[in-house]
Amino acid sequence: MPALDTQTKVAVVGAGAMGSGIAQVAAQAGHQVYLHDQREGAAEAGRDGIAKQLQRRVDKGKMQQQELDAVIGRIHPVANLDDVADAGLVIEAIIEDLQIKRQLLANLENLCAGDAILATNTSSISVTALGAEMNKPERLVGMHFFNPAPLMALVEVVMGLATSQAVADTVHATATAWGKKPVYATSTPGFIVNRVARPFYAESLRLLQEQATDAATLDAIIREAGQFRMGAFELTDLIGHDVNYAVTNSVFNSYYQDPRFLPSLIQKELVEAGRLGRKSGQGFYSYGEGAEKPQPQTQPAQHSDETVVIAEGNPGAAAPLLERLKAAGLTIIERDGPGQIRFGDAVLALTDGRMATERAASDGTANLVLFDLAFDYSKASRLALAPADQASEAAVSCACALLQKAGIEVSLIADRPGLVIMRTVAMLANEAADAALHGVATIADIDLAMKAGLNYPDGPLSWSDRLGAGHVFNVLTNIQNSYAEDRYRPALLLRKNAFAQKGFYS
């Protein structure tokens, strides 16, 4: 289906930050836009806010004044809902309340032409439930923008049980014409992003609760090894713990309290204490005047005269690390073996989901030190190491020295299954695989949603493929065996692909 012509009028109901942002996007795309809010003066304030935002772009030379004037000239604040009657697309962006939204949609059905598309920007309410009392629920579709709408590329086009495919296709094409990256999703709890992203927060929160290390160090590992834009604690402080915790609870309860979505007691305590993050001045970090952000725990420089690294077997995903060590002037001797790296007293290996202590005992390798996954070992500026309890101080020192010779900062963490990046990526891929299995979205759209909606360095299913067929499945199986919890059960699609020795894109 083609996109809506720019001659089609667009109405946005709700002039808060999200509604105003959507109105700006539609106006910049060339549509005449009605902006309505039941609060007196809110629509005018929304338009004024858009003008101020765009004026900054003009002041920086990134936009022409006449372009700003044209965009603002296409945004029309209207006091009465009746004034949106001739809009061909109406997007509601009001409070997340099922009954209030249903009442608005009923009013819009009576006001607008029969072929007008009604869209909801809901992030958490079922599109099916919203349309259940409509006369023509097939005209209702989810059009979920991400905040701030003018900057964030992703739009989830969400189909309820009755949504017409033609309506969804038109909205998808329109979002593309507006410069967005739309993805299709079925109306299930959390849609794509709010469901698949839960492990990103959950695994860091669990590692903090298990005292693997502190929040600043976990955030640094996520950023500097995983190449995520922000760590989980920085991000939840920014989002607001009340909001993030509420979404987690909503998904948890919507999936009948599946342990995969179990909320965090630490985050619950923060919410109950009113430590909501940036907006309250205190979350995991303090944001008061003069407050300094804690620094990550980094190992001091370790001295070693060793210059020879013995690579035993295929290092798999860690192969670029060997190239980096070689570029640092170390001599690499390759021989058959179980995929380990020997340097001085240390035996290093990429985590496979088992604790280092368990793996050392099982493999008979006392001086085992596990290292974490990195998105790109050639560029990672920090890696997490977890030594087995059996490892000597000399072995730990050698392991640290090896990475430091390659210009990598080292954070020692307590011995926990899967370390930090590996378990986070494995759980993201697991949730993405389960969403794909249940038809929430296609594999490609899930990966696109996570990159465009949350700026992930790669889609979780693409990342899983880069690690090799069956790798994530094996990691999760080992983590599940360590915890004996259903939370870490591998998704059926991961299991099938592992035994077929294929990836998601093969």
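## Arg382, a good place to start

Let's begin at Arg382, which has its place in strand S14, a strand covering residues 382–387. This is a predicted model, so please read every distance below as a value computed from that prediction. Arg382 is buried because its relative accessible area is 2%, under the 20% cut-off for that class.

Two side-chain partners hold polar contacts with Arg382. The side chain of Thr298 is joined to that of Arg382 at 2.9 Å, and the side chain of Glu409 is joined to that of Arg382 at 3.1 Å. Leaving aside neighbours within four places in sequence, Arg382 is also in contact with other parts of the chain, including Ala220, Ile221, Glu224 and Ala225. Its contacts further include Pro296 and Gln297, as well as Ile408, Val410 and Ser411.

## The overall layout

Stepping back, the chain is divided into domain 1, residues 10–187, and domain 2, residues 308–412. Taken over C-alpha atoms, the centres of domain 1 and domain 2 are separated by 51 Å.

The UniProt record, an unreviewed entry, offers some labels too. It places "domain: 3-hydroxyacyl-CoA dehydrogenase NAD binding" at residues 9–185. Over residues 9–185, the model has 40% helix and 21% strand, with the end C-alpha atoms 25 Å apart. For "domain: 3-hydroxyacyl-CoA dehydrogenase C-terminal", the same unreviewed UniProt entry lists residues 190–287 and 418–497. Residues 190–287 are 57% helix and 0% strand, and their end C-alpha atoms lie 30 Å apart. Residues 418–497 are 70% helix and 0% strand, with 21 Å between the end C-alpha atoms.

## His31 and Lys101

Where does His31 sit? Look in the loop between helix H1 (17–28) and strand S2 (33–36). With 1% relative accessibility, His31 counts as buried. A polar atom of the His31 side chain lies 2.8 Å from the backbone oxygen of Thr8, and the His31 side chain makes a polar contact of 3.1 Å with the side chain of Trp178. Not counting residues up to four places away in sequence, His31 touches several others, among them Leu4, Asp5, Val10, Ala26 and Arg74.

Lys101 belongs to helix H4, which covers residues 98–111. Is Lys101 buried or exposed? Lys101 is buried, at a relative accessible area of 1%. A polar atom of the Lys101 side chain is 3.3 Å from the backbone oxygen of Ile94. Beyond residues up to four places away in sequence, Lys101 touches residues including Glu92, Ile95, Glu96, Thr120, Thr122, Ile125 and Leu130. For a sense of scale, Lys101 and Arg359 are 258 residues apart in sequence and 54 Å apart in space, C-alpha to C-alpha.

## Rings and charges

How many aromatic pairs does the model have? The count comes to 11 aromatic pairs. One of them joins Phe371 and Tyr377, whose ring centres are 6.2 Å apart and whose planes meet at 85 degrees, so this pair is edge-to-face. Phe371 is buried at 2% relative accessibility, and Tyr377 is buried with a relative accessible area of 1%. Ring pairs also link Phe200, Tyr201, Phe228, Phe375, Tyr456 and Trp463 into a cluster.

Some rings have a charge over them. The charged end of Arg206 sits over the ring of Tyr483, 4.3 Å from its centre. Lys293 lies over the face of Tyr285, at 5.0 Å from the ring centre.

## The two ends of helix H12

Helix H12 spans residues 265–272, and at its start a side-chain oxygen of Ser264 reaches to within 3.1 Å of the backbone nitrogen of Ile266. Just after H12 comes Gly274, which takes a positive phi of about 75 degrees.

## Tyr505, after helix H20

Our last stop is Tyr505, found in the segment after helix H20 (492–500). Tyr505 is partly exposed, with a relative accessible area of 44%. Not counting residues up to four places away in sequence, Tyr505 touches Ile443, Ala444, Asp447, Leu461, Ser462 and Asp465. Tyr505 and Gln390 are 115 residues apart in sequence and, C-alpha to C-alpha, 41 Å apart in space.

Terms used:
Residues are numbered from 1 along each chain as its sequence is written. This is a predicted model: local features need pLDDT of at least 70, side-chain atom pairs count only at pLDDT 80 or more; totals for chains, interfaces and linings use all residues. Side-chain values use heavy atoms; hydrogens and water are left out. Domain bounds come from an automatic or database domain assignment. UniProt positions are given in the numbering used here, feature names are shortened, and annotations may be inferred rather than shown by experiment. Helices (H or I, at least four residues) and strands (E, at least two) are DSSP runs, numbered from the N terminus. Buried means under 20% relative accessible area, exposed over 50%, partly exposed in between (1.4 Å probe, protein chains only). A polar contact is a pair of N or O atoms within 3.5 Å; within protein, one must be able to donate a hydrogen and the other to accept it, and residues adjacent in sequence count only if both atoms are side-chain atoms. Contact means heavy atoms within 4.5 Å. Rings of Phe, Tyr and Trp (its six-membered ring) pair if their centres lie within 6.5 Å; planes under 30 degrees apart count as stacked, over 60 as edge-to-face and the rest as tilted. A charge sits over a ring if NZ of Lys or CZ of Arg is within 6 Å of the ring centre and within 35 degrees of the ring normal.
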